[in-house]
Amino acid sequence: MKKYQKHFIIALIAGVLIYFGLPEANGLTNAGVRMLAVFIPTIYLWLTCGTGWTSLLSVTVAVMLQVAPGASTYMTLWGNICGAAVIPFLMVASVMEESGAFEWIVKWIISRRFIHGRPTLFMVMFTIAMIIISIFTAPQVVAVLFFRLLYEVAQSIGYTKEDSFYKAHGLLVGWIAQICDGVLIWGRPYVLTMVAVVAGLGFANFTAIDYFKVGAIYLVLTVIVAMVVIKLFIRPDVSKFENFDDAKMREELKQNPISKKGKIAIAGMMFILICYVLAYCSFLGPIAEYFNGITIAASVTLVCALLCVITVDGEPVMDLNKAAAKVPWSMIIFLGAIMFYAGAVGGEEYGISICLQTLLGPVVANMPVMLAMFLGVAVASVITNFCSNTVAGVVVCSSFVPAMLSVPGISSAQVLAFACAVIATCGTAVCTLSACPTMGIVYSDIGIEYKGTPKYSVAVCALLVILSCIVIIPVGTIIFANFV
């Protein structure tokens with residue numbers, strides 16, 4: 001018997017026990033029991049067997065047990081607005097990668113004259129380049145691109161992959177690329193699903209833009225923490241940095257300018273981001289209403305379609321079939337399943353939130369507020385390093401947020417700030433080989449050796465948990481003070 005088959009049998013037995021053994025108590029309804037009989041085994045399967053076929057099976061079982069109507073459930077699985085935006089966004093990003101646009105932009109940034117002979121400035125610009133590229137594409141693409149560039153730079157200076165210079169910047173690639181995936185909001189399946197989860201737990205008007213107000217602060221803190229850990233703990237040898245020939249790189253850029261396809265793809269991406277921002281500029285009145293009404297999916301899909309129409313040297317900028325083949329469809333299915341559960345688990349007809357408030361509320365109430373929040377963020381940090389960031393976020397938010405909302409003395413602004421801190425923390429999956437797909441690239445033949453590096457990643461996570469409690473949550477509480 002295969003491992004995944006054993007896990008499936010365990011999940012099936014757990015589901016049957018919950019279905020027939022869990023009482024309707026503490027506000028939990030019969031529909032809620034059936035929902036948990038599907039949802040809890042699903043989380044186990046996500047942890048042990050991946051998120052592709054398990055998501056398809058989970059949603060189908062929910063329909064067959066009449067936990068939710070079949071038509072609307074499958075519409076959410078296959079036709080949710082997040083999927084409609086993410087799929088074409090990834091296709092446009094693939095054009096930017098293939099055309100060399102990403103690589104050209106990064107080389108331009110790290111070859112500025114003022115970096116020459118200044119290793120710290122190089123590290124800063126290297127980080128800024130990663131953040132900029134992360135806006136447009138997935139962390140795995142960012143990791144592959146920057147390791148290729150790091151190897152090229154290290155060789156030109158006289159360093160090998162075994163030197164501390166390469167290892168330190170390799171860790172930086174892993175940290176920044178992955179954490180950007182948890183705080184940036186453009187075309188991010190994880191962030192969009194977690195925003196939906198939090199909205200379903202009692203904050204109906206919560207949007208990705210609201211989250212980004214806190215996520216951006218977390219990203220700044222991440223950069224500071226990463227720099228501190230590298231400079232004070234790793235202390236890489238930078239004695240050879242004077243050999244970095246930035247002039248040669250600038251000359252190469254002049255001789256190999258960005259391609260026409262790359263320029264057109266960049267223009268398309270900029271149009272998408274502008275439309276996204278305009279939708280949330282309420283001071284623009286009807287303009288903001290219009291872009292908010294058509295949703296980001298419309299602008300992304302328009303750009304995707306136009307790239308198939310526009311030609312360069314007689315060929316379309318985007319080959320639709322080729323671009324679609326590169327879309328990670330298992331992730332899209334998982335996204336749809338999460339969107340289903342995000343809208344369902346917090347529903348009044350299930351009583352799951354009320355049950356959690358009843359059971360966990362007294363426990364949280366007997367703790368100092370900040371201790372309860374520290375516990376939640378710390379648990380999120382640990383879980384996310386051993387399983388999917390989305391699963392970790394769903395588990396922690398679904399457990400803690402309803403309970404906190406029922407406790408006197410904790411404001412809704414504090415709870416929302418805590419939820420944002422959990423989302424960002426669950427994006428900080430950098431400590432283990434299996435923490436996230438990005439780490440699989442970081443600790444591969446093109447990356448760095450795992451041995452000796454976990455302690456630095458653990459230090460980053462620990463510092464960010466502390467800073468989340470003493471900076472992110474208090475500042476977030478102020479930001480959301482007038483949230484409606």
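Mentor: A residue counts as buried if its relative accessible area is under 20%, and as exposed if that area is over 50%. Anything in between is partly exposed. Keep in mind that this model is predicted.

Trainee: Which residues of α14 are buried?

Mentor: They are Ala288, Phe291, Ala297, Ser299, Val300, Val303, Cys304 and Leu307.

Trainee: How do you know that helix α14 is not straight?

Mentor: Compare two spans. A straight helix of 24 residues would span 34 Å at 1.5 Å a residue, but α14 (residues 286-309) spans only 30 Å between its end C-alpha atoms. The bend itself is at Thr295, where α14 turns by about 85 degrees.

Trainee: What does the span of helix α19 show when it is set against the expected value?

Mentor: The two agree: 17 residues (389-405) should span 24 Å at 1.5 Å a residue, and the end C-alpha atoms are 23 Å apart. Even so, α19 has a kink of about 30 degrees, centred on Cys397.

Trainee: Why is α19 described as largely enclosed by the rest of the structure?

Mentor: Because 14 of its 17 residues are buried.

Trainee: What makes Cys426 and Cys397 fail as a disulfide?

Mentor: A disulfide needs two cysteine sulfur atoms within 2.5 Å. The sulfur of Cys426 has its closest cysteine sulfur in Cys397, 6.8 Å away, so the gap is too far for a bond. The structure as a whole holds zero disulfides.

Trainee: Are Cys426 and Cys49 buried or exposed?

Mentor: Cys426 is at 0% relative accessibility, so it counts as buried. Cys49 has a relative accessible area of 16%, which is under the 20% limit, so Cys49 is buried too.

Trainee: Why is the pair Tyr443 and Tyr450 called edge-to-face?

Mentor: Ring centres must lie within 6.5 Å to pair, and planes over 60 degrees apart count as edge-to-face. The search of the whole structure finds 13 aromatic pairs. In the pair of Tyr443 and Tyr450, the centres are 4.8 Å apart and the planes stand at 90 degrees, so the pair is edge-to-face.

Trainee: What makes Phe480 and Phe483 a pair of the edge-to-face kind?

Mentor: Their rings are 5.9 Å apart centre to centre, with 85 degrees between the planes. The distance is within 6.5 Å and the angle is over 60 degrees, so the name fits.

Trainee: Which of these four rings belong to buried residues, and which to partly exposed ones?

Mentor: Tyr443 has a relative accessible area of 12% and is buried, while Tyr450 has 25% and is partly exposed. Phe480, at 3%, counts as buried. Phe483, with 24%, is partly exposed.

Trainee: Which residues do ring pairs link into a cluster?

Mentor: The cluster is made of Phe122, Phe126, Phe146, Tyr159 and Phe165.

Trainee: How do you know that Arg112 lies over the face of Trp108?

Mentor: Arg112 is 4.0 Å from the ring centre of Trp108, and the distance limit for a charge over a ring is 6 Å. Arg112 also makes a side-chain contact with Ser111.

Trainee: What makes that a polar contact?

Mentor: The side chains of Ser111 and Arg112 are 3.2 Å apart, and the cut-off is 3.5 Å between N or O atoms. Ser111 sits in the loop between α6 (101-110) and α7 (119-136). With a relative accessible area of 0%, Ser111 is buried.

Trainee: What is unusual about the phi of Arg235 and Asp313?

Mentor: Most residues other than glycine have a negative phi. Arg235 is not a glycine, yet its phi is positive, about 45 degrees. Asp313 is not a glycine either, and its phi is about 55 degrees.

Trainee: Where are Arg235 and Asp313 found?

Mentor: Arg235 is in the loop between α11 (208-234) and α12 (246-255). Asp313 is in the loop between β1 (311-312) and β2 (315-316).

Trainee: Why are Arg235 and Asp313 both called exposed?

Mentor: The limit is over 50%. Arg235 has a relative accessible area of 60%, and Asp313 is at 74%, so both pass.

Trainee: How many residues separate Trp46 from Phe334 along the chain?

Mentor: They are 288 residues apart, but their C-alpha atoms are separated by 9.4 Å. Trp46 belongs to helix α2 (residues 30-49) and is buried, with a relative accessible area of 4%.

Conventions: Residues are numbered from 1 along each chain as its sequence is written. This is a predicted model: local features need pLDDT of at least 70, side-chain atom pairs count only at pLDDT 80 or more; totals for chains, interfaces and linings use all residues. Side-chain values use heavy atoms; hydrogens and water are left out. Rings of Phe, Tyr and Trp (its six-membered ring) pair if their centres lie within 6.5 Å; planes under 30 degrees apart count as stacked, over 60 as edge-to-face and the rest as tilted. Buried means under 20% relative accessible area, exposed over 50%, partly exposed in between (1.4 Å probe, protein chains only). A charge sits over a ring if NZ of Lys or CZ of Arg is within 6 Å of the ring centre and within 35 degrees of the ring normal. Helices (H or I, at least four residues) and strands (E, at least two) are DSSP runs, numbered from the N terminus. The expected span of a helix is 1.5 Å times one less than its number of residues. The bend at a residue is the angle between axes fitted to the seven residues ending there and the seven starting there. A polar contact is a pair of N or O atoms within 3.5 Å; within protein, one must be able to donate a hydrogen and the other to accept it, and residues adjacent in sequence count only if both atoms are side-chain atoms.
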